[in-house]
Amino acid sequence: MLIQTIDASTIRRCFLAGANALDAHKDIVNELNVFPVPDGDTGTNMTMTIMSAAREVAALPEDADMKTLCKAISGGSLKGARGNSGVILSQLLRGFTKGIQDFDEVDVPTLSAAFERGVGQAYKAVMKPKEGTILTVARGGAEKAFEMAETTDNLVEMVNAVLIHMEDVLEQTPEMLPVLKDAGVVDSGGQGLLFFLQGCNDVLLGREVDTDISDKSVTNKQAGAGEMTGDLPSRRMGADADFVAAADIKFGYCTEFIIMLEKEFTEDMEDDFKAFLSSIGDSIVCVSDDEVVKVHVHTNDPGLAIQRALTYGQLTRMKIDNMRQEHHERVIHNAEQVAAEMAKADAKKASEKEKAAEPERFPHKENAFISVSAGDGISEIFRDLGVDIIIEGGQTMNPSTEDILTAINRLDADHIFILPNNGNILLAANQAKDMSKDQDVVVIQSKNIPQGIAAMLGFIDGVSVEDNEESMNEALGEIQEGEVTYAVRDTVVDGKEIKTGDIMGISGKKIVSVGSDVVDTTVDLINSMLTEDSELVTIYYGEEAKEEDAEAIASKIGAERDDVDFEIQSGGQPIYYYFISVE
């Protein structure tokens, strides 16, 4: 089969088929994760990232031009990126689309250059790239594409050779990363990338493919996506006025859309647009990057918002909900289904929800803080330490770049500090920082909850933002952190054979202790963390642990180490029985 060029319509079909292929194989990718913790798994994070873009692509007309298509792929994946694997995938797509967006048709040399640009963009996004990962597999593909561009003008031949070579590189990843070799698996991110590209290739080969993504996208709820609580509305920016009296709904239409920019969207233009939206409604979220603007507003005249938006570019993913009408429908339904007392209780809950769903913009301050957190107790600790916005998230709930951007957009501060508190959220936080145009954002390198708390304690009022960034990051190294959870798969890590359901004590990304009893495993973990200089152990117990068990742990260790003080706090975190901090 000879294909020398492909147009935007073909690339659109390739992308949607690739997205569905990744979605269909996400569980296989998840199973390749080496670390057996209940994590925001690679396959899930990559699928949520790609489906964010696929929804925007599917909303385009089939004859959309290349530039419009590339904006949808790049913008959708950037905003939807979750976890490190999702951010890297979004950067691969961003660089790739920049390489083809100015062409009506793509040939072998153009595709080769786009592959190389995508890999370069992804490597730049990672501070310390590791070989044996998705980056290595992607680079192998780009190198093979460059080689093939010297020998053929047939896209089918080129792409087939690239995929075969990438499979070979993927098979070599265990030799590059000992942890993969110990577990007997290949890199999960590289495998996910291959599934996506193989789905794309099926279109080139003329195979029957599925390009319908309407019933396959991973929802935020299914994946445990991050939600903002306390100070912010949930990410579900639909009709949030559940069970609020219709007469109390000041602006009746929840209006959402995305602007695909056709000209530069300057800071002044963005400010003017936000001011206009404020004049016709409230509950405004306006998030922009180089190519798209995501808009949410409650208004009585959606047409005015749409008309103004059309002056900046084309609109897609338009959604308008009549909150008053939905209210009436729910009232009728409730009258048939529940008793008066239940309806009263629901109304009270929803009234509280409405209050939280439409806060005023935060007043101006010099320094503001955003923290990812998990558990009511942990979130309360962060609030007590001065955090303005809590994004519920963590291991199984990796918030997206858009979640973090939305939080940034709510703050009015000279400097905004972000505490990701999870190594799998750092890249999304950095991507949100890069996409934030009118705010000075600092990302602290906290990789877990104890480090986030230590960083907040390291903040000093009255010193420069540079000095605070340095002191907060230095505070991360002044503690040892640990966590106790359960294994979700059989594996071999750090020389330890682990079975599903085993209790694991983890410190510094190493599995230190494994057992069948939570208390005993935690005691072993803490003992391994203690040094002669240790003075204080803080134990944050989760929703599946008991305070008395935490006290028993402290008593057992204290009997041997009377020079160490213990502090026990309720964290309420899911998944993890205990977070541990040793100072």
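Which residue in β16 is the bridge partner of Ile506? In this predicted model, that partner is Ile511, and the pairing belongs to a six-stranded sheet that is described below together with the nonpolar cores.

## The six-stranded sheet

The sheet is open and of mixed pairing, with its strands arranged in the order β16-β15-β12-β19-β17-β18. Because β16 (510-515) and β18 (565-570) each have a single partner strand, they stand at the edges, and one side of each is left without a neighbour in the sheet. From one strand to the next, the twist averages 20 degrees.

Helix α16, which spans residues 376-384, packs on this sheet and touches β17 (536-541), β18 and β19 (578-582). The direction of helix α16 makes about 110 degrees with that of β18.

## Strand β15 and its two partners

Strand β15 covers residues 503-507 and runs antiparallel to β16, to which it is joined by five bridges. Besides the bridge between Ile506 and Ile511, there is one in which Ser507 has Lys510 of β16 as its partner. The two strands form a hairpin with two residues between them, and Gly508, which lies in the turn, has a positive phi of about 60 degrees.

The other pairing of β15 is with strand β12 (residues 480-486), again in the antiparallel sense and over five bridges; here Val484 stands opposite Gly505 of β15. In general, strands of a sheet pair through backbone hydrogen bonds, in either a parallel or an antiparallel manner.

As for its surroundings, β15 is mostly covered, with five of its five residues buried. Ile503, Gly505 and Ser507 point one way from the strand, whereas Met504 and Ile506 point the other way, and residues on both sides are buried.

## The nonpolar cores

The largest nonpolar core contains 124 residues, and those with the most contacts inside it are Phe15, Ile50, Ile370, Phe382, Ile404 and Met472. Helix α8 (residues 155-176) contributes the largest share of this core, namely 10 residues. Setting aside neighbours within four places in sequence, Ile370 is in contact with a set of residues that includes Val387, Ile389, Ile391, Ala407 and Ile408, and also Leu411, Ile416, Phe417, Ile418 and Leu419.

A second core, separate from the largest one, has 20 residues, among them Val484, Val519, Met529 and Ala550. Val484 thus appears in two parts of this description, as a member of the second core and as the residue opposite Gly505 in β15. In soluble globular proteins, nonpolar side chains tend to be buried together.

Technical notes: Residues numbered from 1 in each chain as written. Predicted model: local features only at pLDDT ≥ 70, side-chain atom pairs only at ≥ 80, totals over all residues. Heavy atoms only, no water. Pairing = 2+ DSSP bridges. Helix = DSSP H or I, 4+ residues; strand = E, 2+ residues; numbered from the N terminus. Axes fitted to C-alpha atoms, helices over the stretch in contact; angles between N-to-C directions. Contact = heavy atoms within 4.5 Å. Core = buried A, V, L, I, M, F, W, Y, C linked by side-chain atoms within 4.5 Å. Buried < 20%, exposed > 50% of the residue type's maximum accessible area, 1.4 Å probe, protein only.
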